[in-house]
Amino acid sequence: MVSSQDVLNIAYRTTEAFVDTIPKQERKKYGQFFTSRKTAEFMASLFAIDYAKEELKILDAGAGTGVLTIALAVQLRKNGYKGQITAVCYEKDAKVLPILFKNLECLNESLGVCYEIRRDNYLLSQNFNEIDLFNRVAEQYDMVIGNPPYQKIPKDAPEAKAMCEVCHGAPNMYFLFWAMGIHNLRAGGEMVYIIPRSWTSGAYFERFRSYLFRHCVITNIHIFGSRDKVFDGEFVLQETMIIKVKKTKEKSPYIRMSSCQASDFVDIRYYNVNYGTIVAPNQFVFLVTSAEELEILSRVNSQTNTLQSDDLRMRTGLIVDFRSREVLRDNSEDGSYPLIYSHHIRNGRVSWPDGRKAEYILTQKRGYLQENTDYLFVKRFTSKEENRRLQCGIYLKSDFSQYKYISTQNKVNYIRCDAPELAYGLFVILNSTLYDSYYRILNGSTQVNSTEINLMPVPSKDTIRQMGRELIGMELTEDNCNKIIDRWIR
Ligand SMILES: C[S@@+](CC[C@H](N)C(=O)[O-])C[C@H]1O[C@@H](n2cnc3c(N)ncnc32)[C@H](O)[C@@H]1O
């Protein structure tokens, strides 16, 4: 008879053997990365289920070799659950199925867990609507555990079409699995998923977040300090997190957060954070890891305006340079206008021209040109190595007064200002340590997303002007911006 610990050991041995036989490229096709043992055990430990229930039904969609189901069943039995456990595992990769079958058979023998393997496309085999044409309610589970495939699919893929309620453009499989898992969750049921962090902000995930918070509340979040530790030796580019949601409308006053650097969770730290600090009213989710970050959030969240509400909307530059070659010029010509690139943003200013190619645009097309007025420009892309995510430069029309229009490459964002002090004031905000840190908590990627910036809480337009007046004449340093902002935002 196999013991409950052995069953997990066996599952991990077979998983390792499988990983050795299939090239990584092939596994990538299915978004196939297996959860490490410590991570699977941690995920299983998060469930807080009613042990008085006679039967518990588990869903593991994209089960791979079955390690998550096994870790969860082992945990339930270890905690003394005596009732019936039934696991339903979906898996569409034929190569992994024999291992999944063996592992679940072993689980059945050792812990009496019933299982069903469905060799099917999980997403297409469900009906995403609450009740389908034949009035069938979706299959319901008490617990959903998963490490969904991470894979972008076209917006007209059958999975995307079947779940258009949560999609915006070309979706990623991971949040379609997550949304479908919520659909399959019984009221009051719990779901633990390991997922990338990208869903927490941005317009692309807005529909998904709205669906998530219509049905569920977050109870736990775990953040990994390092990206390469979650999938034992398999370097994964995305930053990863574990989340537990509960299908209910009742929020707990706080979310149980945890974070660790080490792959074996030895250095795990726990902390409780107010629900409203993590899930903002605009449904962005802030992954706070320290008291310092909490303070940053509470300072910024004390502001009641947004760039959007103040008519200071940030927009993305107009020109995709490699698609508009016919209108680009290396030198000034009659009727040509400045074209601002992100490399022109330097030391808090826009230094144009700087002698590179295609710095002028010769066109009368209105869609390619914008009024020459005062602006704040912000780079859209920075690299991980750079110490600031928000890098901006003040552009004053008085420095380029010979031009009626200018144009912008699509790798810069810009905010149109009606006076220099407004451009200076916005610089104080976006060049401060406070807002750079806030933006990093909000968005794990290196791209500066204008939708997110437009929804950040900021001081009123009047205050921004006053901040700007204070900066005029000073050096455009982060330090000076911090001194000004510290007087206005406490
Ligand atoms: C990231 S792996 C996780 C495997 C396992 N749950 C674990 O945690 O180790 C995702 C799994 O989902 C499977 N998969 C991908 N698309 C699927 C789909 N549409 N339906 C069912 N399974 C799918 C892949 O073959 C892969 O085994």
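How many bridges join strand 4 to strand 5, and do these strands run parallel or antiparallel? In this predicted model, strand 4 (residues 141-146) and strand 5 (residues 185-196) are joined by five bridges and run parallel. One residue pair shows the register: Ile145 has Val192 of strand 5 as its bridge partner.

Strands 4 and 5 belong to an open sheet of nine strands, whose order is 3-2-1-4-5-7-6-8-9 and whose pairing is mixed. Strand 3 (114-118) and strand 9 (269-274) each have a single partner strand and stand at the edges, so each has one side without a neighbour in the sheet. From one strand to the next, the twist averages 15°. Helix 5 (residues 97-111) lies across strand 2 (84-90) and strand 3, and runs at about 170° to strand 3.

After strand 4 the chain enters a loop that leads to helix 6 (158-162), and Ile153 is placed in this loop. Is Ile153 buried or partly exposed? Ile153 has 17 C-beta neighbours inside 10 Å, and therefore counts as partly exposed, since a buried residue needs 20 or more. Beyond its neighbours within four places in sequence, Ile153 is in contact with Glu159, Ala160, Ala170, Pro171 and Met173. For one of these residues, Ala170, the C-alpha atom is separated from that of Ile153 by 5.9 Å, although the two residues are 17 apart along the chain.

A second pairing, further along the chain, involves strand 18 (residues 374-379) and strand 19, which pair in the antiparallel sense over four bridges. Here Leu376 has Ile394 of strand 19 as its bridge partner. Strand 19 (residues 392-395) is covered on both faces. Cys392 and Ile394 are buried on one side, and Gly393 and Tyr395 are buried on the other.

The model also holds a ligand. It is surrounded by 22 residues, and the closest are Tyr30, Phe34, Gly62, Gly64 and Asn147. By residue class, the shell around the ligand is made up of twelve nonpolar, seven polar and three charged residues.

Some totals put these parts in context. The protein has 15 helices and 22 strands. It comprises 490 residues, of which 42% count as buried. Taken along the principal axes, its C-alpha atoms fill a box of roughly 85 × 50 × 45 Å. Among contacts in the protein with a separation of 6 or more, 77% are between residues 24 or more positions apart.

Notes. Residues are numbered from 1 along each chain as its sequence is written. This is a predicted model: local features need pLDDT of at least 70, side-chain atom pairs count only at pLDDT 80 or more; totals for chains, interfaces and linings use all residues. Two strands pair if DSSP finds at least two bridges between them. Helices (H or I, at least four residues) and strands (E, at least two) are DSSP runs, numbered from the N terminus. Axes are lines fitted to C-alpha atoms, for helices over the stretch in contact, and angles run from 0 to 180 degrees between N-to-C directions. Two residues are in contact if their C-beta atoms, placed from the backbone, lie within 7 Å. A residue is buried if 20 or more other C-beta atoms lie within 10 Å of its own, exposed if 12 or fewer, and partly exposed in between; C-beta atoms are placed from the backbone. A residue is near a molecule or strand if its C-beta atom, placed from the backbone, lies within 6 Å of it. Ala, Val, Leu, Ile, Met, Phe, Trp, Tyr, Cys and Pro count as nonpolar, Asp, Glu, Lys and Arg as charged, and the others, Gly among them, as polar.
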